[in-house]
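Colleague: I have a few questions about the labels you put on this fold. Can you take me through the reasoning behind each?

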Amino acid sequence: MIYAMTARSLVAGSFTTNPGVTRYLKADRTITGQWSVQVMELATWVAEVLAAAGGNGVLLHVHGFNLEQQETFARHALIADGLKQQGFGGVVVSFDWPTNGVLFDYKSDRADAHTVAPQLLLDGVAVLRKAAPGIKIAIMAHSMGSLVTRHAFQRVVELGKADSADMTVGQVLLVAADIAAKSMKHGARKSAALYAHAGRVTNYYSRADEVLSLSQWYRLFQAQRLGFEGMPDGMPPGHADVYVQHYYVAHMQDWPATASISHNWHFLDRQFYRDAALVLAGHPAATMPTRTVTDQGNQALIG
């Protein structure tokens, strides 16, 4: 059983690929492997999520481009199980935003990402914080989910709602982030609100990521992707940049040779989950047993 919130519209009992109001979900995997989805009343959903968290926090999973709802729930299950095996005692909650699940709908998915992004904070983080003010809340965003996350903070501030909604989070993990690296410089307008409301941002990047390489080609290499290039030199202090390319190359035989494996292998890997669980526990970046210092002054995943 998993918990999620969706920003997909609901038409004739089925969720669509279009933006809609936030609905709160519980899903169970059936014997066929599909997920049976139940829409819940907000108060009941919040109570069950907090009970599942058990005082150990909530991790909001923000999926990337080209995932249908059923695929999002399958990814959710991988993350929840992988982190649990590494000692994470909280609950994972997915933010299911309306991707089309079609490879060539990249532009449309980006537009929807911008549209629904504030719902992640206003209908997710703020709602949970109101119910349990002291709860630990973290975010793990993959690929275009990093755009949703960064834009959510920016847009809520622009709407003037940041003072009335508590949207503070602890750890923010950006995995293969499909956003411009330059947007994460200290003082950059697009990331200022994220840095202001997050305790620590950890970025995992690899120049062997073939999906992000295509994303850069799509932009004629005018906006290098954060998950490909890493954090810019002007990154604010206190955040972490983790190079995972050498680890990926050394272990790529461990995972299925799918077209997108260089972009999403993290969710099949025990060492990534070990590192992520330590991040969620607030372990200092400088003493991570899963990393070593590189000659570039950042860190690299090892193991």
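Modeller: Start with the sheet. This is a predicted model. Its open sheet has 11 strands in the order 3-2-1-5-4-6-7-8-9-11-10, with mixed pairing.

Colleague: What makes strand 3 and strand 10 stand at the edges?

Modeller: Strand 3 (35-40) and strand 10 (291-293) each have a single partner strand, so one side of each is left without a neighbour in the sheet. Neighbouring strands are turned by 30 degrees against each other on average, direction ignored.

Colleague: How do you know that strand 1 and strand 2 pair?

Modeller: The cut-off is at least two bridges between the strands. Eight bridges join strand 1 (residues 2-11) to strand 2 (residues 14-29). The criterion is therefore met. The two strands run antiparallel. Among the partners, Tyr 3 bridges to Lys 26 in strand 2, and Leu 10 bridges to Phe 15.

Colleague: What lies between strand 1 and strand 2 in their hairpin?

Modeller: Two residues. Ala 12 in that turn has a positive phi of about 55 degrees.

Colleague: How do you know that strand 2 and strand 3 pair?

Modeller: Use the cut-off of at least two bridges again. Strand 2 and strand 3 are joined by six bridges and run antiparallel. Ala 27 has Val 37 as its bridge partner in strand 3. These strands also form a hairpin, with five residues between them. Gly 33 in the turn has a positive phi of about 95 degrees.

Colleague: Now the helices. Why are helix 2 and helix 10 called roughly perpendicular?

Modeller: The label covers angles of 65 to 115 degrees. The axes of helix 2 (residues 69-85) and helix 10 (residues 270-280) cross at roughly 75 degrees. Helix 2 and helix 10 are therefore roughly perpendicular to each other. Their axes come within 9 Å.

Colleague: Which residues meet between helix 2 and helix 10?

Modeller: Leu 78, Ile 79, Gly 82 and Leu 83 in helix 2 meet Tyr 273, Ala 276, Ala 277 and Leu 280 in helix 10. By class, that contact has seven nonpolar residues, one polar and no charged.

Colleague: What makes helix 4 roughly perpendicular to helix 5?

Modeller: Helix 4 (residues 145-158) and helix 5 (residues 189-197) pack at an angle of about 95 degrees. The range for the label is 65 to 115. So helix 4 is roughly perpendicular to helix 5. The axes of helix 4 and helix 5 are 8 Å apart. Their contact divides into four nonpolar, three polar and four charged residues.

Colleague: Which strands does helix 2 lie across?

Modeller: Strand 1, strand 2, strand 3, strand 4 (58-62), strand 5 (91-96) and strand 6 (137-142). Helix 2 runs at about 160 degrees to strand 5. Angles over 145 count as roughly antiparallel. Helix 4 lies across strand 4, strand 5, strand 6 and strand 7 (169-175), at about 135 degrees to strand 6.

Colleague: Last one. How is the lining of the second largest pocket divided by class?

Modeller: Into eight nonpolar, eight polar and six charged residues. The lining has 22 residues, with Tyr 205, Glu 229, Met 231, Asp 241 and Asn 298 nearest the centre. The space in this pocket is about 440 Å³.

Definitions and conventions:
Residues numbered from 1 in each chain as written. Predicted model: local features only at pLDDT ≥ 70, side-chain atom pairs only at ≥ 80, totals over all residues. Heavy atoms only, no water. 1 Å grid on protein atoms, 1.4 Å probe; cavity = no way out; pocket = protein on both sides within 12 Å on 5 of 7 lines; lining within 4 Å. Points joined across faces, edges and corners; volume = space filled by probe spheres on them. Nonpolar A, V, L, I, M, F, W, Y, C, P; charged D, E, K, R; others polar. Axes fitted to C-alpha atoms, helices over the stretch in contact; angles between N-to-C directions. Helix = DSSP H or I, 4+ residues; strand = E, 2+ residues; numbered from the N terminus. Parallel < 35°, antiparallel > 145°, perpendicular 65-115°, else oblique. Contact = heavy atoms within 4.5 Å.
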